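Please look over the sequence and the model below before reading on. The briefing that follows is about pairs of charged side chains and the places where they sit.

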Amino acid sequence: MLRIGHRGAAGHAPENTLLSIQKAIELGVDIVEVDVRRTRDGELVLLHDQRVNRTTNGGGRIGDLSFEEVRRLDAGSGQAIPSLREALELVRGSVQLMIELKEPGIVPEVMNLIEDCHSNQEVILASFHHPALIEVRRLQSSARTLALIDRVPVNLDFAKNAEFTHVGVNIGSVTEEFVRSVHRANYQLFVYTVNDERDIRRLSEMSVEGIISDYPERISATVRFSNATDYTDFH
């Protein structure tokens with residue numbers, strides 16, 4: 001089961017910062033997940049929200065700010081909002097990067113940057129905007145794409161038609177039947193955002209392929225415990 005750090009390791013360091021990504025790497029993740037948006041002047045940066053208010057000491061929409069203005073903001077612990085290029089360079093050769101496309105119109109720029117950084121084999125592109133992932137596959141047929149969904153049940157025909165490789169679902173919606181349906185359709189299933197050890201144990205039993213967590217070290221610890229224990233006590 002893949003250990004995926006949410007926005008780096010958001011339980012330990014300011015989300016979507018280089019410090020958070022580095023912490024996730026130190027915790028032994030397999031994949032680091034980050035969110036990507038675009039500044040007014042076209043720079044691809046790591047940010048979850050449309051506005052910088054929640055995660056920095058500034059205010060306003062990221063699309064209304066220049067990259068120079070964004071770089072002056074404190075994203076926590078003295079960290080700047082990083083560019084996607086910086087994130088790709090930081091993880092190169094150590095872990096994979098899952099890039100959630102928060103804006104559907106940024107696909108060509110993201111794909112060009114991934115190519116420029118020689119990171120094609122180290123990246124998974126994820127989004128709730130499924131047409132954006134279709135565009136990814138059109139631009140690069142071998143790209144790995146993860147369709148994010150909020151809730152189940154859901155008809156998986158959309159994933160088959162779009163040739164997605166992965167499906168991602170909220171922990172609050174996961175059922176054993178949904179996991180079986182995803183596996184029958186030959187997709188890998190990642191579950192977000194899972195911070196409770198009891199949920200990690202439950203997902204481990206369901207054999208999901210990846211867990212996304214603010215505390216990725218809990219995945220390793222819980223799965224090791226589960227493998228070494230008579231698990232009937234937890235049912």
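The points below begin with one residue and its surroundings and then turn to other charged pairs.

This is a predicted model, and its salt bridges come to a count of 20. Side chains of opposite charge can pair when their charged atoms come close. A salt bridge is taken here as a side-chain nitrogen of Lys or Arg within 4 Å of a carboxyl oxygen of Asp or Glu.

**Glu103 and its surroundings**

- Glu103 is found in the loop that runs between strand S4 (96-101) and helix H4 (107-116).
- Because buried means under 20% relative accessible area, Glu103, with a value of 17%, is classed as buried.
- When its neighbours within four places in sequence are left aside, the residues in contact with Glu103 are Val36, Arg37, Arg38 and Ile62.
- With Arg38, the side chain of Glu103 reaches the backbone nitrogen at a distance of 3.4 Å.

**The pair Glu103 and Arg37**

- Glu103 also forms a salt bridge with Arg37, in which the closest N and O atoms are 3.7 Å apart.
- Since Arg37 belongs to strand S2 (residues 31-38) while Glu103 lies in the loop between S4 and H4, this pair ties together parts that are 66 residues apart in sequence.
- Both partners of this salt bridge, Glu103 and Arg37, are buried.

**The pair Arg61 and Asp64**

- Arg61 and Asp64 meet through their side chains in a salt bridge, with 4.0 Å from N to O.
- Arg61 is partly exposed, as its relative accessible area is 39%, and Asp64 is likewise partly exposed, with a relative accessible area of 47%.

**The pair Glu86 and Arg71**

- Another salt bridge is made by the side chains of Glu86 and Arg71, where the distance from N to O is 2.8 Å.
- Glu86 lies in helix H3 (residues 84-91) and Arg71 in helix H2 (residues 67-71), so this salt bridge ties together parts that are 15 residues apart in sequence.
- Glu86 has a relative accessible area of 23% and is therefore partly exposed, and Arg71, with a relative accessible area of 32%, is partly exposed as well.

**A network of salt bridges**

- Beyond these pairs, Arg7, Glu15, Asp35, Asp49 and Arg54 are joined into one network by salt bridges that share partners.

How values were computed:
Residues numbered from 1 in each chain as written. Predicted model: local features only at pLDDT ≥ 70, side-chain atom pairs only at ≥ 80, totals over all residues. Heavy atoms only, no water. Helix = DSSP H or I, 4+ residues; strand = E, 2+ residues; numbered from the N terminus. Buried < 20%, exposed > 50% of the residue type's maximum accessible area, 1.4 Å probe, protein only. Polar contact = N/O pair within 3.5 Å; in protein donor to acceptor, adjacent residues only side chain to side chain. Contact = heavy atoms within 4.5 Å.
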